[in-house]
Amino acid sequence: MSNIPALIVWAGLSMVATIGAVLTQALNIKEKIAATTLVSGASAAILCGFTISVSWGLGAAAAVLIGVSLLTGYEG
């Protein structure tokens with residue numbers, strides 16, 4: 001069973017990352033997606049690693065989101 005406070009914190013951090021990326025004018029759409037998924041994936045990985053009794057789904061979400069951020073990447 002998942003730890004509900006950890007999932008709420010992860011959702012909150014993901015929303016803050018999304019709002020921050022949308023409000024940043026210097027990034028194009030691909031970079032906004034990469035930045036948002038990287039922050040969301042990193043927060044999911046941190047909460048999965050350091051919170052007791054968090055479901056494996058949070059760790060899987062972290063892997064998927066970090067993979068997406070790496071695949072979209074930043075343009076130089």
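**Exercise 1. Isoleucine 33**

State which helix holds isoleucine 33, give its relative accessible area, and identify the surface patch to which Ile33 belongs.

*Solution.*
- Step 1. Isoleucine 33 is part of helix H2, where helices (H or I, at least four residues) and strands (E, at least two) are DSSP runs numbered from the N terminus. The model is a predicted one, in which local features need pLDDT of at least 70 and side-chain atom pairs count only at pLDDT 80 or more, while totals for chains, interfaces and linings use all residues. Residues are numbered from 1 along each chain as its sequence is written, and side-chain values use heavy atoms, with hydrogens and water left out.
- Step 2. The relative accessible area of isoleucine 33 is 40%, so this residue counts as partly exposed; buried means under 20%, exposed over 50%, and partly exposed in between, with a 1.4 Å probe and protein chains only.
- Step 3. Ile33 joins Ile29, Val64 and Val68 in a nonpolar patch on the surface, and together these residues have about 350 Å² of accessible area. Helix H2 (29-50) and helix H3 (56-72) are the elements that give two or more residues to the patch.
- Step 4. Patches are made of residues with over 30% relative accessible area and no salt bridge, like charges being joined within 9 Å and nonpolar side chains (Val, Leu, Ile, Met, Phe, Trp, Tyr) within 5 Å. A salt bridge, in turn, is a side-chain nitrogen of Lys or Arg within 4 Å of a carboxyl oxygen of Asp or Glu. Accessible areas come from the Shrake-Rupley method with a 1.4 Å probe, and for residues only the protein chains shown count as cover.

**Exercise 2. The core and tryptophan 10**

List the residues of the largest nonpolar core, find the element that gives the most to it, and then list the contacts of tryptophan 10.

*Solution.*
- Step 1. The largest nonpolar core consists of 7 residues, namely Trp10, Ala44, Leu47, Leu58, Ala61, Ala62 and Leu65. Such a core is a set of buried Ala, Val, Leu, Ile, Met, Phe, Trp, Tyr and Cys residues joined through side-chain atoms within 4.5 Å.
- Step 2. Two or more residues come from each of H2 and H3, and H3 gives the most, with 4 residues.
- Step 3. When neighbours within four places in sequence are left aside, tryptophan 10 is in contact (heavy atoms within 4.5 Å) with Ser40, Ser43, Ala44, Leu47, Leu58, Ala61 and Leu65.

**Exercise 3. Two polar residues of H2**

For threonine 36 and serine 43, give the accessibility and the residues touched beyond four places in sequence.

*Solution.*
- Step 1. Threonine 36 is located in helix H2 and counts as buried because its relative accessibility is 17%.
- Step 2. A polar atom of the threonine 36 side chain lies 2.8 Å from the backbone oxygen of lysine 32.
- Step 3. Beyond four places in sequence, threonine 36 touches Ala17, Thr18 and Ala21.
- Step 4. Serine 43 also sits in helix H2 and is buried, with a relative accessible area of 8%; with residues up to four places away not counted, serine 43 touches Trp10 and Leu13.

**Exercise 4. Pairs distant in sequence**

Give the C-alpha separations of valine 39 and serine 69, leucine 7 and alanine 44, and cysteine 48 and glycine 59.

*Solution.*
- Step 1. Valine 39, in helix H2, is partly exposed at a relative accessible area of 42%, and its C-alpha atom is 9.0 Å from that of serine 69, 30 residues apart along the chain. Neighbours within four places aside, valine 39 is in contact with Leu13 and Ala17.
- Step 2. Leucine 7, in helix H1 (residues 4-23), is partly exposed at 26% relative accessibility; its C-alpha atom and that of alanine 44, 37 residues apart along the chain, are separated by 8.4 Å.
- Step 3. Cysteine 48, in helix H2, has a relative accessible area of 23% and is therefore partly exposed. Cysteine 48 and glycine 59 are 11 residues apart in sequence, with 5.5 Å from C-alpha to C-alpha.

**Exercise 5. The chain overall**

Describe the order of elements, the buried share and the exposed area of the protein chain.

*Solution.*
- Step 1. The protein chain has 3 helices and 0 strands, and its pattern along the sequence is α-α-α.
- Step 2. Of its 76 residues, 32% count as buried, while the chain exposes about 4800 Å², of which carbon and sulfur atoms supply 78%.
- Step 3. Among contacts with a separation of 6 or more, 72% are between residues 24 or more positions apart.

Notes: Polar contact = N/O pair within 3.5 Å; in protein donor to acceptor, adjacent residues only side chain to side chain.
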